[in-house]
Amino acid sequence: MLMPKRTKYRKMFKGRIRGVATRGATVAFGDYGLQALGSGWITSRQLEATRIAITRHMKRAGQVWLRVYPDKPITLKPAETRMGKGKGAPEYWVAVVRPGRVLIEINGVDLAVAKEALALGAAKLPFKTRVISRAGE
Amino acid sequence: MSLVNLNIHPRTTAGKNENRRTRAAGRVPAVLYGKGRPTASIELEGHAFEVALKHLGGRSAIFQLHQAGMEEGHIALLREVQRHPVSDMILHVDLLEIPQGQPVVVAVHVHVSGSCAASKTGDGSVVVNTNSVEISCLPRSLPEFVEVDVTELQLGDKIFARDLKIEGGEIVSDPDLLILSVKAASLFVEEVASAEAEPVEAAAPKGAPAQKGMPTPKADDKKKADDKKKPDDKKKSDDKKK
């Protein structure tokens, strides 16, 4: 699964997700893209499941670009642990997503295949999405 | 390409709040500029512009501008359309006024048509490297898009900017600019096969660490963590003794 090779700090603040995506909100590499309509965290597992669903449906045609990267570590405290004694251990990685962000792009397939593949991928994600195509076409 | 009529109105107001009111009233804030003319703040009729953008030539359309008090015959090209990332509402438009009888340099989209033999058999796929090329031509002969037919292409074939043919114009982009190529699909075969065998682990990127969970922290971080723990442990042991 996707995760950074090395990080400057092991743990990160939770943060808040406000506003909409002002960057990475248009299709830049492929012909079609999956755009987030909600905000939230995408775990590296969800992202990998999305990618596998899309590539399997597209079979041997086309290309896939992941436009988000899970670079935020999320910590959890062990079960049955009393509060306090410091922050928990890092458990998994997420990508922070704001509405409008293009998550995945594909090309090399026709519109029908692209829509079906992206819909299969979207089912793995924790918020609503829509399929968009390259601007100007 | 035919001209698309567009009514424009002068805009005296500026700023975030005034533009918000303009959009709420169904109009779109815009700016009109060009060589030898002062830049003017204008506003467009929102619905008419949206229709023109969708059905009447899209982004490479040429607009015939109509304004009360302005002489006829001004034409303009779309330079930029800013949209809201979620609602897709048009926020602002840039229009570039162009001279009638002189050639203009415009980026035109490349459309891929047909399917090559390699993609039909599944041995390869068409990889588009560049989605637009710059061409120089008279405004009247500006094509909506440049079409590239890939039906005759074989595996490994490439199309460069110099291979494109445009009626009434010429390519300004670098002649050696790669437009598209037909590449073998071997990469995709491996990916699918490995993904089916081991859905999660096999799909991990090459550079990622082999371990399943989190990467181990850096040695420095470990040392720091140990150092922090030590004083606490000492205190606890002291307390127990007491």
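**Exercise 1. An aromatic pair in chain A**

Is Trp65(A) buried, partly exposed or exposed, and what is its relative accessible area? Once you have that, find the aromatic partner of Trp65(A) and describe how the two rings are arranged.

*Solution.* A friendly reminder before we start: this is a predicted model.

Step 1. Trp65(A) has a relative accessible area of 22%, so it is partly exposed. The cut-off matters here, because buried means under 20%.

Step 2. Searching the whole structure turns up 2 aromatic pairs over all chains. One of them joins Phe29(A) to Trp65(A), with 6.1 Å from centre to centre and 20° between the planes, and it is stacked. That label follows because planes under 30 degrees apart count as stacked.

Step 3. Now place the partners. Phe29(A) belongs to the segment before β1 (32–36) of chain A, while Trp65(A) is in strand β3 (residues 63–66) of chain A; the pair therefore ties together parts that are 36 residues apart in sequence.

Step 4. Finish with the accessibility of the partner: Phe29(A) has a value of 42% and counts as partly exposed.

**Exercise 2. The surroundings of Gln35(A)**

Work out where Gln35(A) sits, and which backbone oxygens its side chain reaches.

*Solution.*

Step 1. Gln35(A) is part of strand β1 of chain A. Its relative accessibility is 2%, so Gln35(A) counts as buried.

Step 2. Look for polar partners of the side chain. The backbone oxygen of Ala25(A) is reached at 3.3 Å. Across in the other chain, the backbone oxygen of Pro85(B) lies 3.0 Å from a polar side-chain atom of Gln35(A).

Step 3. Widen the view to contacts, not counting residues up to four places away in sequence. Gln35(A) touches Pro85(B) as well as several residues of chain A, including Gly100(A), Val102(A), Lys128(A), Arg130(A) and Ile132(A).

**Exercise 3. Thr43(A) and its contacts**

Locate Thr43(A) and decide whether it is buried or exposed.

*Solution.*

Step 1. Strand β2 (residues 40–43) of chain A holds Thr43(A).

Step 2. With a relative accessible area of 19%, Thr43(A) is buried; keep in mind that buried means under 20%.

Step 3. Leaving out residues up to four places away in sequence, Thr43(A) touches Tyr92(A), Trp93(A) and Val94(A).

**Exercise 4. Positive phi in a loop**

What do the phi values of Glu80(A) and Lys85(A) look like, and where do these residues lie?

*Solution.*

Step 1. Glu80(A) is not a glycine, and its phi is positive, near 60°. Lys85(A), also not a glycine, has a positive phi of about 60°.

Step 2. Glu80(A) is placed in the loop between β4 (72–76) and β5 (89–97) of chain A. Lys85(A) is found in the loop between β4 and β5 of chain A too.

Step 3. Check accessibility. Glu80(A) is exposed, at 84% relative accessible area, and Lys85(A) is exposed, at 77%.

**Exercise 5. Strand β10 of chain B and the loop after it**

Sort the residues of strand β10 of chain B by face, then find the strand that pairs with it.

*Solution.*

Step 1. In strand β10 (residues 146–149) of chain B, Val146(B) and Val148(B) make up the covered face, whereas Glu147(B) and Asp149(B) make up the uncovered one.

Step 2. Strand β7 (residues 104–113) of chain B pairs with β10(B) in the parallel sense, over 4 bridges. The bridge partner of His111(B) in β10(B) is Glu147(B).

Step 3. Follow the chain into the loop between β10 and β11 (158–160) of chain B, where Leu153(B) lies. Leu153(B) is buried, at 11% relative accessible area.

Step 4. Measure across the fold in the model: the C-alpha atoms of Leu153(B) and Cys116(B) are separated by 5.7 Å, although these residues are 37 apart along the chain. Neighbours within four places aside, Leu153(B) is in contact with Cys116(B), Ala117(B), Ile159(B), Leu180(B) and Val182(B).

**Exercise 6. Cysteines and a charge in chain B**

How many disulfides are found over all chains, and which ring does the charged end of Arg162(B) sit over?

*Solution.*

Step 1. The whole-structure search gives 0 disulfides.

Step 2. Cys116(B) counts as buried at 0% relative accessibility, and Cys137(B) counts as buried at 2%.

Step 3. The charged end of Arg162(B) sits over the ring of Phe160(B), 4.6 Å from the ring centre.

Key. Residues are numbered from 1 along each chain as its sequence is written. Chains are lettered from A and ligands numbered from 1 in the order in which they are written. This is a predicted model: local features need pLDDT of at least 70, side-chain atom pairs count only at pLDDT 80 or more; totals for chains, interfaces and linings use all residues. Side-chain values use heavy atoms; hydrogens and water are left out. Rings of Phe, Tyr and Trp (its six-membered ring) pair if their centres lie within 6.5 Å; planes under 30 degrees apart count as stacked, over 60 as edge-to-face and the rest as tilted. Helices (H or I, at least four residues) and strands (E, at least two) are DSSP runs, numbered from the N terminus. Buried means under 20% relative accessible area, exposed over 50%, partly exposed in between (1.4 Å probe, protein chains only). A charge sits over a ring if NZ of Lys or CZ of Arg is within 6 Å of the ring centre and within 35 degrees of the ring normal. A disulfide is a pair of cysteine sulfur atoms within 2.5 Å. Two strands pair if DSSP finds at least two bridges between them. A polar contact is a pair of N or O atoms within 3.5 Å; within protein, one must be able to donate a hydrogen and the other to accept it, and residues adjacent in sequence count only if both atoms are side-chain atoms. Contact means heavy atoms within 4.5 Å.
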